[in-house]
Amino acid sequence: MSLKVVIVDDDPVIRILHKTLVQKSDLDQTPTLLENGREAWHFLKDEDNIKGQKLLLLLDLQMPEINGFELLDLMKNLPNQTNVFVIMLLSSVSRADEIKASKYTSVIGYIEKPLNLQTLEQVKTLEKIRQHF
Amino acid sequence: MTSHKLTNLKILVIEDNPGDVVLIEEYLAERIELPKISHATDFATARAHLNSPDFPDIIFLDLTLPDKSGRELIAAVVEYAKDAPVIVLTGYSDLSFGVESMALGVSDYLLKDELTPNVLYKSMAYNLERKKSSRALVESEKRYNELFHLSPLPMWVYDVETLYFLDVNNAAIEHYGYTRMEFLGMTLRNIRDKDGIEELEVALKLPRLTGKTMQFKGVLRHKKKNGELIYVDVRANEITFQGRRAEVVLCNDITERLQYIEAIEAQNAKLREIAWIQSHVVRAPLARMMALINAKDVIEDSEMTQEELFNHIMNSAYELDKIIREITSKTDQIDLSLKR
């Protein structure tokens, strides 16, 4: 199975930067860019997007309309959850956010912004991601 | 033997019988070193003596003088005598009256026919000492009385059974606005607010442990005469007052202090809010700046030119600046120097 990276962030600059980083790190040469939780939910609801591949969501927490945690709540209703992994991207890490994130089985980690190449290299070593490299 | 205490005594003998005077003076001289004996044969002279700076330490008084006698004489002499003990000299004929005279403020009475130097000496020594003790007691009572009445914090005593005020100090009168007379006609119910009264009744019904004084302390709401409600820190102790079960109470008005604490807690809530904002909102543009600066090496010109990169960095800086200004203005809203 191939790995698809989905970048969900309301900041356009961040979307461009993260796309470049994901490409440069060889995680995915064509990551999907989504603006907010609502778009992400529509994307995930569409079976075609999930079928036959693993999804790695780089998910921003602070977003308008549907924020990161709210999306995770919605995702519990997805049939193909085992194929979707989430790494949360936080502006600042607080204990409360950490604890909350750990309650979702799909969350495999969290990163304090900004993202950089070293961090993405570390992501490649994560158990669920490793097998693709 | 002469006692140290009875040297240089100033003695006034008020006696009109010259024979008796000589006898007394002789006896006094026998037992006392350096006595300064003055003599008055009538009340007028005696009074002059008692008004002069040459005030005696002790007075011997005969019951019949040419210008005054009996009860009237005793009352007058006792008044002028002030702190000096008055020892009455009586004959058998007015012995019973001699006994009565003690009630009028006379310290002792001696039978003239049974006077000896020792009898005189013993009576003087004893009565001088007694006067000293009773004076000390009066002063001590006065001091304790002042402790209560002049205490800078409101204090009162109330009857535990009836809840009536039994005594109240000046600070309480000033603070609560009631006069002393008004206070003495009131019960605790008049100064407690409604909820406090029920609590009080319940607490008072609890059986008291004997042999142990109970102490009450807590914060209550009281009502002043003008209707103003205040919070008071109350301390009370069980006492017996004029034979009744009572409590002495001290009240410290802490209304202002509690308001201050409330204001500080409101401040803290605001500060917590600011701290939260700092960590999340502030960091967002900062994280973006860091990302942009990191990106300069990896980003292609087709995605973003150098110029665009720098513009984005600048914009993030402006955003950060704006957020910091907002925080500063929020902080200004908090009045950190509360006027006391």
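Biologist: Why is L258(B) called partly exposed?
Modeller: Its relative accessible area is 30%. Buried means under 20% and exposed over 50%, with partly exposed in between (1.4 Å probe, protein chains only), so L258(B) counts as partly exposed. This is a predicted model, in which local features need pLDDT of at least 70 and side-chain atom pairs pLDDT 80 or more, while totals for chains, interfaces and linings use all residues; side-chain values use heavy atoms, without hydrogens or water. Residues are numbered from 1 along each chain as written, with chains lettered from A and ligands numbered from 1 in the order written.

Biologist: Why is N127(B) called buried?
Modeller: The relative accessible area of N127(B) is 1%, which is under 20%, and therefore the residue is classed as buried.

Biologist: What makes the pair N127(B) and D108(B) a polar contact?
Modeller: The rule asks for N or O atoms within 3.5 Å, one able to donate a hydrogen and the other to accept it; residues adjacent in sequence count only if both atoms are side-chain atoms. The side chains of N127(B) and D108(B) are joined at 3.1 Å, so the pair qualifies.

Biologist: How do you know that R288(B) and D11(A) form a salt bridge?
Modeller: A salt bridge needs a side-chain nitrogen of Lys or Arg within 4 Å of a carboxyl oxygen of Asp or Glu. The closest N and O atoms of R288(B) and D11(A) are 2.2 Å apart, so the criterion is met. The count between chain A and chain B is two salt bridges.
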